[in-house]
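Open the model in your viewer and keep the selection panel at hand. We will go stop by stop.

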Amino acid sequence: MDTIAEIPKEEYILKCTSACAGCSDSLALRYVLKAAGADTVLVVPACCTSVIQGIYPNTAFKIPVYNIAFGAAAACASGMSNAFRAAGKKTNVIVYAGDGGTLDIGIQAMSGAFERGTDFLYICYDNEAYGNTGMQRSSGTPLGARTTTTPAGKTDAKKDIDAIIAAHDPPYMATAAAAYPQDLFKKVQKALTFRGPSFIHLLAPCPPGWRYSTEKTVEMGKLAVKTGMWVLYEREYGKVTIGAQSKAAMKKPLPLEEYLAPQGRFKGIDAKTVDILKQRIAKNFAKLAAEEAAP
Amino acid sequence: MKKIATGNKAVAEAVKEVRPDVIAAYPITPQTEVVEQIAEFVTSGEMKSRYIAVESEHSAMAACIGASITGARTFTATSSHGLLYMHEMTNWAAGARLPIVMANINRSLGPGWNIWAEHTDALQERDTGWLQVYVSTVQEAYDATLMAFRIAEHNDVLLPVMVNLDGFLLSHIMQPLETVEPGDFIPPLHLPHAIDVKNPAGYGGLTGPDQQFKFRWDIERSMRDSVKVIEETENAFAKRFGRKYGFTDDYRCDDADVIVVAMGTLGKEAEVAIDLLRTEGIKAGSMRLRWLRPFPKLHLKGKQVVVIDRDYSFGRGGILATEIMAQTKEEVFSVIAGIGGQEVTYEDVADFVRKRKMGTEFWFGVNSHV
């Protein structure tokens with residue numbers, strides 16, 4: 001699967017969603033559903049995806065979507081998966097939740113569902129703030145980023161949700177980015193082959209929230225990977241494999257400033273904070289490289 | 001089959017007979033015995049259900065919702081803070097029209113930590129769209145749990161049902177229990193709006209001001225329709241299994257001048273007080289309210305009404321008293337008694353009646369005028 005041409009033509013996200021221009025949530029979800037196919041139920045907590053479906057009685061999504069309260073997605077999916085399996089159905093249960101619904105308010109339910117070995121796929125699409133409510137900081141907001149509740153830039157680091165998920169030792173987890181749809185497609189297909197919980201952490205750049213112009217959504221995702229702010233990798237039964245794009249970035253990363261400069265949220269970031277971000281990138285690269293090298 | 005059981009065990013026995021597809025539960029005193037017993041039934045294979053040992057009550061209700069929307073039969077049990085913790089999801093369950101059945105073991109709320117009987121937990125769920133029944137004996141706990149499934153799953157209802165048992169006073173009390181084989185008394189569940197991947201639909205998405213009220217009205221319409229479903233179910237149960245229930249359990253009410261209204265075990269205790277008062281020439285009767293939602297039409301015309309609340313709404317009054325005052329013009333003597341497991345005997349209840357001051361409120365153990 002190396003070309004777009006091999007991805008199924010079937011569309012599950014129809015035209016006329018109410019997503020913002022340049023939205024990478026809907027862009028990514030389009031490929032997620034192409035990979036998952038029609039025998040799939042999406043469980044969606046409060047997030048941008050609850051809005052972009054459209055307004056009752058209409059929906060732009062061509063698969064069943066169960067909308068649920070903010071902190072409840074993983075628990076709801078846990079009940080759903082158990083009920084389907086009890087009825088002998090193999091229907092995919094996929095949580096599609098934002099960073100607020102995953103790293104913050106939904107973390108307890110998610111931890112519980114992973115610990116119980118729930119047969120589901122949890123995808124966190126991460127736009128690094130509460131986008132739906134107008135860009136307040138979440139624990140997924142990176143250090144230095146301005147949001148409406150961190151007007152001078154966030155003073156705390158981004159929460160390492162991947163390390164938290166890894167501590168639950170799921171059979172499969174991966175990172176992905178909306179800017180790399182083939183990679184995302186393959187990872188979703190793979191995740192759904194595992195019995196038990198799997199996790200995909202998906203970087204989803206957000207033009208109004210990150211304050212860059214809409215046509216740069218794909219470029220922004222690629223810059224995140226090329227500078228090392230986002231690393232593409234898989235963790236299968238504990239074994240880490242770093243993606244080719246991130247391997248290249250580890251050898252020769254683009255200067256971080258190329259990623260920060262086009263984004264209004266990083267406007268006025270001081271040199272010291274940029275330096276801390278660079279140190280974190282280097283530390284993260286080293287950590288993942290060591291994990292990959294481990295027998 | 002005849003046995004001896006606690007209120008908690010009776011609930012578990014009823015759930016075993018109905019065999020939900022999915023049970024999701026989190027332990028809390030004094031509910032624990034319900035979920036422990038069900039876990040044992042599932043582990044031993046007596047019950048072919050999936051048991052999800054969730055990490056919180058919020059997740060217990062969320063998991064029941066996720067399971068129920070696939071068309072599965074679901075059950076959970078909780079108490080007190082557990083019920084309050086799932087409050088967001090109890091609203092969701094009713095709004096999503098899911099026939100989830102839950103046993104709530106009524107218990108006080110913190111602070112301080114008090115594990116004893118009180119109704120304020122369930123009454124804080126009064127406006128969520130759940131049907132609520134309050135029971136007073138082990139047998140009634142069993143029968144009401146069984147019937148709750150048939151009522152909740154009826155196509156004219158499709159709302160969740162909460163069965164309430166007083167913490168310790170009923171949950172942990174041993175009484176005789178006759179179990180039944182429900183057979184087709186509990187028909188298979190056919191949820192009309194169950195998820196169908198071949199006919200995909202969106203559930204609970206954005207709903208505008210031109211639509212939301214229609215869904216709320218639809219809940220109320222079903223709540224009103226549930227009255228006849230409850231009657232029909234309780235009549236069918238009586239015919240088949242020989243035990244008759246109603247919206248209220250009336251004791252010596254017909255010729256009474258004064259009627260004691262209470263819920264749960266206190267409502268049963270009141271019957272002993274009535275017998276005592278009758279020997280003193282006081283024409284008293286007892287009306288134990290079973291169904292709080294839907295709230296029934298009470299026949300209190302021309303009677304003095306003594307309402308005992310094991311609960312309170314601060315700044316307003318006893319919740320049951322307030323409900324009754326909203327329905328009848330008759331004068332009410334509102335007694336607040338039994339909060340946090342405060343001991344209330346039949347002699348105390350008789351005293352409330354003897355020393356009643358109509359139109360006033362009395363806190364047992366605090367005020368001195370009675």
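What percentage of the 295 residues in chain A do buried residues make up? The figure is 54%. A residue counts as buried if 20 or more other C-beta atoms lie within 10 Å of its own, as exposed if 12 or fewer do, and as partly exposed in between, with C-beta atoms placed from the backbone.

This is a predicted model, so to speak of local features pLDDT must be at least 70, side-chain atom pairs count only at pLDDT 80 or more, and totals for chains, interfaces and linings use all residues. Residues are numbered from 1 along each chain as its sequence is written, while chains are lettered from A and ligands numbered from 1 in the order in which they are written.

**Stop 1: chain A**

Select chain A and colour by secondary structure. You should find 12 helices and eight strands. Both are DSSP runs numbered from the N terminus: helices are H or I with at least four residues, strands are E with at least two. Chain A has a radius of gyration of 18 Å, close to the 19 Å that the globule rule gives for 295 residues, so it is as compact as a globular protein of that length. That radius is taken over C-alpha atoms, and the rule is 2.2 Å times the number of residues to the power 0.38. The C-alpha trace spans about 55 × 50 × 40 Å along its principal axes.

Two residues are in contact if their C-beta atoms, placed from the backbone, lie within 7 Å. Of the contacts in chain A with a separation of 6 or more, 69% are between residues 24 or more positions apart.

**Stop 2: helix α9 of chain A**

Select residues 217-227 of chain A. The buried residues of this helix include A:M220, A:L223 and A:V225. A:K226 is also on the buried list. Now show the partners. The buried residues of α9(A) pack against α1 (24-36), β5 (172-177), β6 (198-203), α8 (207-210), α10 (244-251) and α11 (257-260) of chain A. Just after the helix comes A:G228, with a positive phi near 90°.

**Stop 3: A:Y130**

Go to the loop between β4 (121-126) and α6 (161-166) of chain A, where A:Y130 lies. Is A:Y130 buried or exposed? A:Y130 is buried, because 26 other C-beta atoms lie within 10 Å. Leaving out residues up to four places away in sequence, A:Y130 touches A:G100, A:M135, A:Q136 and A:S138. Draw a distance to A:C48 as well. The two C-alpha atoms are 8.8 Å apart, although 82 residues separate A:Y130 and A:C48 along the chain.

**Stop 4: chain B**

Switch to chain B. It holds 11 helices and 16 strands. A compact globule of 370 residues would have a radius of gyration near 21 Å, and the 20 Å of chain B agrees. Its C-alpha trace spans about 70 × 55 × 45 Å along the principal axes. Buried residues make up 55% of the 370 residues.

Colour 2-241 and 249-363 separately. These are domain 1 and domain 2 of chain B, with bounds from an automatic or database domain assignment. Their C-alpha centres lie 27 Å apart. The contact between them takes 27 residues from domain 1 and 20 residues from domain 2. On the domain 1 side, α6 (120-123), β6 (131-134), β7 (161-166) and α8 (212-241) of chain B each supply at least two residues. The largest share, five residues, comes from α8(B).

**Stop 5: where the chains meet**

Show both chains. The contact takes 34 residues from chain B and 38 residues from chain A. Which element gives the most to the side of chain B that touches chain A? It is α3(B), with eight residues. Next, pick out β9(B). Strand β2 (residues 65-67) of chain A runs parallel to β9(B), joined by two bridges; strands pair if DSSP finds at least two bridges between them. One bridge partner of A:V65 to select is B:G202.

**Stop 6: the core**

Last, select A:V43, A:C76, A:L202 and B:I65. In the largest nonpolar core, of 204 residues, these touch the most other members. Such a core is a set of buried Ala, Val, Leu, Ile, Met, Phe, Trp, Tyr and Cys residues joined through C-beta atoms within 7 Å. Helix α7 (residues 138-153) of chain B gives the largest share, 10 residues. Zoom in on A:V43. Beyond its neighbours within four places in sequence, its contacts include A:Y66, A:C76, A:M80 and, across the chains, B:G66. In soluble globular proteins, nonpolar side chains tend to be buried together.
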